[in-house]
Amino acid sequence: MAEASGVNVGSGCEEKGPEELSQQSARPGTTISRVKLFDTMVDTFIQKLVAAGSYQRFTDCYKCFYQLQPEMTQRIYDKFVTQLQTSIQEEISEIKAEGNLEAVLNALDAIVEESKDCKEPAWRPSGIPEKDLRGTVVPYFLQQRDALQRRVQKQEAENRQLADAVLAGRRQVEELQLQGQARQQAWKALHREQKELVAVLREPE
């Protein structure tokens, strides 16, 4: 009974190899994401690993123990295989998380999809480093120059607005100063008239 279950595990893993999985996944007109392809490769690797360490080979290594405790041997093998699969999957998950692998692979898929609609030929080096450098760097510097010019024009416009606001403020201050001086002169004149009036009223008859 134990031997049969061990053989089934091995044969089940051998039914679908990486070639058959790739043929089933890569159907005409369909696009497989790189994340899914990576997961399929990992699953195939685990299946092949379990198939290589079949129950039959496990019992061959521990014949004496298997003859004494066949059921215990089966449970140990099942536990070993389960822990092995879990350990590998956890290690792969950590690698994917540390390297942000899913985002990178999805970005590659997006780049490939965008390139399908591009009718122009992809860039290829000409073999002349100076020419390739100019072709790559010059457009970038021109773009930066245009951006800087737009920033300078915007800053100049803001500076003109600020200058106009300062001049308007100065004119208002000057007007307020003139109004204050005019009021001061009027107050002085009124004060003199009051003094003169008081002096006239105080003269003896």
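This passage describes the helices of a predicted model, with attention to the packing of α3 against α6 and to two individual residues, I76 and N100.

The secondary structure of the chain consists of eight helices and zero strands, which gives the pattern α-α-α-α-α-α-α-α along the sequence. Of the 205 residues in the chain, 13% are buried. When contacts between residues at least 6 apart in sequence are considered, 66% of them join residues at least 24 apart.

Helix α3 covers residues 34-52. With 19 residues and 1.5 Å a residue, α3 should span 27 Å, and its end C-alpha atoms lie 27 Å apart, so the expected and modelled spans agree. The buried residues of α3 are V35, T40, V42, T44, I46, V50 and A51. 

Two packed helices are described by the distance between their axes and by the angle between those axes. For α3 and helix α6, which covers residues 70-98, the axes come within 11 Å and cross at roughly 155 degrees. Because angles over 145 degrees count as roughly antiparallel, α3 is roughly antiparallel to α6. The crossing of the two helices is right-handed. On the α3 side, the contact is made by F38, D39, V42, F45, I46, L49 and V50. On the α6 side, the contributing residues are Y77, V81, L84, Q85, I88, Q89, I92 and K96. By residue class, this contact divides into 11 nonpolar, two polar and two charged residues. V42, I46 and V50 of α3 take part in the contact and are also among the buried residues of that helix. In an α-helix there are 3.6 residues a turn, so residues three or four places apart point the same way.

I76 is also found in helix α6. Its relative accessibility is 38%, and I76 therefore counts as partly exposed, since this value falls between the 20% limit for buried and the 50% limit for exposed residues. Apart from neighbours within four places in sequence, I76 is in contact with F58 and F65.

N100 is located in the loop between α6 and α7, the latter covering residues 101-116. The phi angle of N100 is near 50 degrees, which is a positive value in a residue other than glycine. At 46% relative accessibility, N100 counts as partly exposed.

How values were computed
Residues are numbered from 1 along each chain as its sequence is written. This is a predicted model: local features need pLDDT of at least 70, side-chain atom pairs count only at pLDDT 80 or more; totals for chains, interfaces and linings use all residues. Side-chain values use heavy atoms; hydrogens and water are left out. Helices (H or I, at least four residues) and strands (E, at least two) are DSSP runs, numbered from the N terminus. The expected span of a helix is 1.5 Å times one less than its number of residues. Buried means under 20% relative accessible area, exposed over 50%, partly exposed in between (1.4 Å probe, protein chains only). Axes are lines fitted to C-alpha atoms, for helices over the stretch in contact, and angles run from 0 to 180 degrees between N-to-C directions. Angles under 35 degrees count as roughly parallel, over 145 as roughly antiparallel, 65 to 115 as roughly perpendicular and the rest as oblique. A crossing is left-handed if the near helix is turned anticlockwise from the far one by less than a right angle, and right-handed if clockwise. Contact means heavy atoms within 4.5 Å. Ala, Val, Leu, Ile, Met, Phe, Trp, Tyr, Cys and Pro count as nonpolar, Asp, Glu, Lys and Arg as charged, and the others, Gly among them, as polar.
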